[in-house]
Amino acid sequence: MNSVDPNEQKLRRALTTPLLTLYGLGVTVGAGIYVLVGATADIAGPFAAFSFVVAALVVSLTALSYAELATQFPVSAGEAAYVEAGFQKRWMAVFVGLAVAASGIISASAVAIGAASYLHALTGFAIPVLTISVVLIMGLIALWGITESVFVAAVITIIEIAGLLFVIGWGMSIQDPQGYGISSMLPPLELDAWRGIFAASLLAFFAFVGFEDMANVAEEVKDPVRTIPKAIMLTLVLATVLYLGTSMTVLLVVPIDVLSTSAAPLALVFSNAPEVIKQGFSAVAILATVNGVLIQMIMASRVIYGLADRDHLPKVLAIVPKATQTPVVATLLVVAIIVLLTQTVPIGTLAERTSQIVLGVFVLVNISLIQLKMQPDEAAKHFRVPIVVPILGVITSALLFGSGFL
């Protein structure tokens, strides 16, 4: 399978390294840390911060594999293209592509419910009405255009990162923290402690779901060979630093019994803050969550478009109007499914299923890269990693996937 000729593209190449990095950070940060610190603390206790480190190590290996494959095949529905090239089986490409689109749709549904919960606290309106409103508004922005929608997402991303830095700064300045001391957060060499850390890392992994979305907008990236690897690694490094700082701050400030049962854990840092600061942070949290909905919508619609464009799905899903240069029919389908899921499936189930689907895809993508590396290479100019990287990617992704069934 060869890289697609740039002259045949139907989508617009408009994304630069800063925009692509902010795109990745937007879905990564928005989908995870604002809602998952409490859940990881419930499983791993004082060592919850290390669950994010374990998840980051697993993700980084597969991220390097994605960086090579996305520069070799810079197309929408990236994972489907990688698996088809590696396994030479059309049905596997369709299966993986639909799994990736499903992960984006399910993730967006989970985050939309979270956004509606934050909005309900501020406005008092019914959560189902707020959830549908969030999904429809984000759908309109996704239809608008790739540059416009990613620019909106980038602005919101900067705001939500500032929100995390404010959490860290405010929490570290509290005179009488009620949580664990920093030294208590370092895990001992005991089996029970690490069993909890690894179990919580499956949840923490959900907080890193996002970098693989960058591969699915590769068809809209300027100079993908240079831009994609740089943006993927920048996204992971920045997200890991933010997660470590934020989770340690929350564990330091908030009592574990309160933290482990909270659906809005970061807001607990401001429990004794002035009302204006509480409301300001709630507004940032809402922006963070709706941003995750928008970016997952963009990703899922591009995967469906990419599959349809290669005749794996009905051709109507590949329609791209000249006015928007976005896959309108695919986007409308994604919006409709998200609305349905938000009204029928609980948020916890949605988050867990997203992690499992993505980890399964990671295993197949890494195996595809191993198989491609064992074939004769035409010495094409793309980013490369040693074969040990996808081998370790298979092992770590499979282990983390398996930990969800222990």
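A nonpolar surface patch of about 650 Å² appears in this predicted model. Its members are Met374, Ile387, Val388, Ile391, Leu392, Ile395 and Leu399. Val388 lies in helix H15, which covers residues 388–403. The relative accessible area of Val388 is 45%. Val388 is therefore classed as partly exposed, because this class falls between the 20% limit for buried and the 50% limit for exposed residues. An α-helix has 3.6 residues a turn, so residues three or four places apart point the same way.

Helix H3 was examined for length and for cover. H3 runs over residues 48–72 and has 25 residues. At 1.5 Å a residue, a span of 36 Å is expected. The end C-alpha atoms of H3 are 37 Å apart, so the model agrees with the expected span. H3 is also mostly covered. Of its 25 residues, 20 are buried, which means that each of these has under 20% relative accessible area.

Two loop residues stand out by their backbone angles. Gln88 is not a glycine, yet has a positive phi of about 60 degrees. Gln88 sits in the loop between helix H4 (78–87) and helix H5 (90–123). The relative accessibility of Gln88 is 56%. Gln88 therefore counts as exposed, because the cut-off for that class is over 50%.

Asp311 likewise has a positive phi, here about 65 degrees, and is not a glycine. Asp311 is found in the loop that links helix H12 (275–309) and helix H13 (328–342).

Terms used
Residues numbered from 1 in each chain as written. Predicted model: local features only at pLDDT ≥ 70, side-chain atom pairs only at ≥ 80, totals over all residues. Heavy atoms only, no water. Helix = DSSP H or I, 4+ residues; strand = E, 2+ residues; numbered from the N terminus. Buried < 20%, exposed > 50% of the residue type's maximum accessible area, 1.4 Å probe, protein only. Patch = residues over 30% accessible without salt bridge, like charges linked within 9 Å, V, L, I, M, F, W, Y side chains within 5 Å. Areas by Shrake-Rupley, 256 points an atom, 1.4 Å probe, with all protein chains shown as cover. Salt bridge = Lys/Arg side-chain N within 4 Å of Asp/Glu carboxyl O. Expected span 1.5 Å × (residues − 1).
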